[in-house]
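This briefing concerns two sheets and one pocket. Please keep the sequence and the model in view while reading.

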Amino acid sequence: MAKTLIFLIFLAISVASTLARTHRTHKSTVLHVSSVVSSTERLFSGDVHERKHKRSSNVDEFSGSGLRFKLHSRHSVRSSSAKDYRELTLSRLARDSARVEAIQMRVDLVSLGITKADLTPLESGIMDEKLQGPVTSGTSQGSGEYFCRVGIGNPPTPSYLVLDTGSDVNWIQCAPCGDCYQQADPIYDPSLSSSFSRLTCRTPQCQSLDVSECRNDTCLYEVSYGDGSYTVGDFVTESISFGGSDRVDNVAIGCGHNNEGLFVGAAGLLGLGGGPLSFPSQIKASSFSYCLVNRDSDTASTLEFNSALPNDAVTAPLLHNPKINTYYFVGLSGISVGGQQLPIPPETFAVNENGRGGVIIDSGTAITRLQTTAYNTMRDAFKEGTTNLPSANGVALFDTCYNLSSRKSVEIPTVSFHFSNGNELKLPAKNYMIPVDSSGTFCFAFAPTASALGIIGNVQQQGTRVGYDLANSLVGFSPNKC
């Protein structure tokens with residue numbers, strides 16, 4: 001009898017201990033401070049710069065089949081001019097804010113029936129002057145972008161293109177250059193390509209442009225961005241190659257003779273938006289996916305087309321906004337902090353009948369933006385779970401920061417996104433507590449916005465394969481599938 005009682009007591013203690021650990025694990029997670037800080041220090045080391053100079057000048061090679069590009073971080077393509085990690089962070093955040101403002105303004109204006117063509121007509125005199133590839137992080141110049149390595153033309157000119165789910169028009173800097181910024185590779189010269197062909201003004205591709213002009217029956221294009229960057233030139237078709245011998249022909253792209261902006265290192269842009277001119281739309285892809293490596297990493301991942309979502313992917317509905325087809329709106333319905341779903345009405349994340357509001361997922365925005373009331377609720381809940389951590393002054397758009405210089409690791413509350421189909425995406429700690437210097441200052445990586453539009457940025461997507469199942473209107477998140 002005594003032995004039975006002892007056994008039952010031991011069993012009860014074991015079960016209670018297991019439940020306590022499970023409950024604590026669900027409510028909190030570990031942030032490995034020392035390893036993250038070390039990565040910020042390596043970013044400015046001589047070894048990293050030496051590895052950049054050894055990078056091949058050719059289009060990335062692959063084994064196996066399928067449409068695939070290699071993705072790289074901008075850091076791995078071109079060194080930052082910042083003197084330290086804090087300066088780099090501030091430049092990143094400034095560039096990010098400009099992009100967010102431009103996206104939100106575009107969606108707000110479209111909801112009012114105003115298009116970009118109504119606002120920025122092209123000036124007639126401006127021109128007188130399973131496919132897969134690698135993805136690289138492009139944030140070291142403050143852009144929040146990632147690069148893919150492709151070949152343009154026949155024979156192919158190796159080029160880095162910015163990966164952007166918030167853009168539809170593909171473009172590249174072209175010779176002769178009236179005004180071009182510095183890029184990592186030689187500028188593409190269409191006179192050397194046998195596959196180059198100008199589009200006429202009556203083609204569907206030309207007529208799909210937001211801003212265009214016709215000259216001698218040749219289509220001209222213009223694309224401008226929120227930070228003042230722009231590209232202007234001929235709208236043409238060209239071949240895009242990847243993985244060596246694989247190639248897609250007759251892709252409509254801008255051949256930019258006048259370009260300006262902070263694309264530093266990249267030769268142009270690969271548009272992955274939902275409009276008819278985007279690369280996925282032109283090749284009639286049923287799906288595409290990318291995995292964004294850490295923005296401070298020198299490693300590469302891939303951008304892949306026509307591959308199925310992994311079986312373990314956390315899926316969410318992709319929603320249709322009748323007013324604008326470029327952006328990928330996701331069915332976000334709620335947020336949890338510390339295992340508790342927050343009292344935020346689901347309507348906060350919804351698109352209204354005029355196409356205003358909602359939440360998009362974007363590869364080019366770095367920091368996730370939430371409506372101010374939703375952000376305040378989320379931040380306050382997070383702060384309640386971190387009262388044991390020493391606070392620090394806010395940095396730029398971050399108002400919740402901590403001095404973790406004396407810690408090797410810390411426990412912080414878990415953060416999860418809830419979707420309208422009932423699924424939950426748990427974020428890794430390093431995707432929402434990020435360093436802003438090399439001294440141990442970490443900040444809660446979300447920001448408020450007065451706009452009705454929310455954005456899930458690439459910091460929250462890092463280390464996760466994000467798949468867009470266009471055929472079934474789903475987006476899937478698969479951690480550690482890079």
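In which sense, and over how many bridges, do strand β17 and β18 pair? Strand β17 (residues 332-337) pairs with β18 in the antiparallel sense, over 2 bridges, where strands are DSSP runs of E of at least two residues and helices are runs of H or I of at least four, numbered from the N terminus, and two strands pair if DSSP finds at least two bridges between them. This is a predicted model, in which local features need pLDDT of at least 70 and side-chain atom pairs count only at pLDDT 80 or more, while totals for chains, interfaces and linings use all residues. Residues are numbered from 1 along each chain as its sequence is written, and side-chain values use heavy atoms, with hydrogens and water left out.

**First sheet**
- The open sheet runs in the order β18-β17-β24-β25, with antiparallel pairing among its 4 strands.
- Because β18 (340-341) and β25 (424-426) stand at the edges with a single partner strand each, one side of each is left without a neighbour in the sheet.
- Ser-336 has Gln-341, in β18, as its bridge partner.

**Second sheet**
- Another 4 strands form an open, antiparallel sheet in the order β21-β22-β27-β26, and its edge strands, β21 (391-392) and β26 (433-435), each pair on one side only.
- β21 and strand β22 (residues 401-403) are joined in the antiparallel sense over 2 bridges, and Cys-401 in β22 is the bridge partner of Ala-392.

**Lining of the second largest pocket**
- β1 (28-31), α2 (33-42) and β26 each supply at least two lining residues, and α2 gives the largest share, 4 residues.
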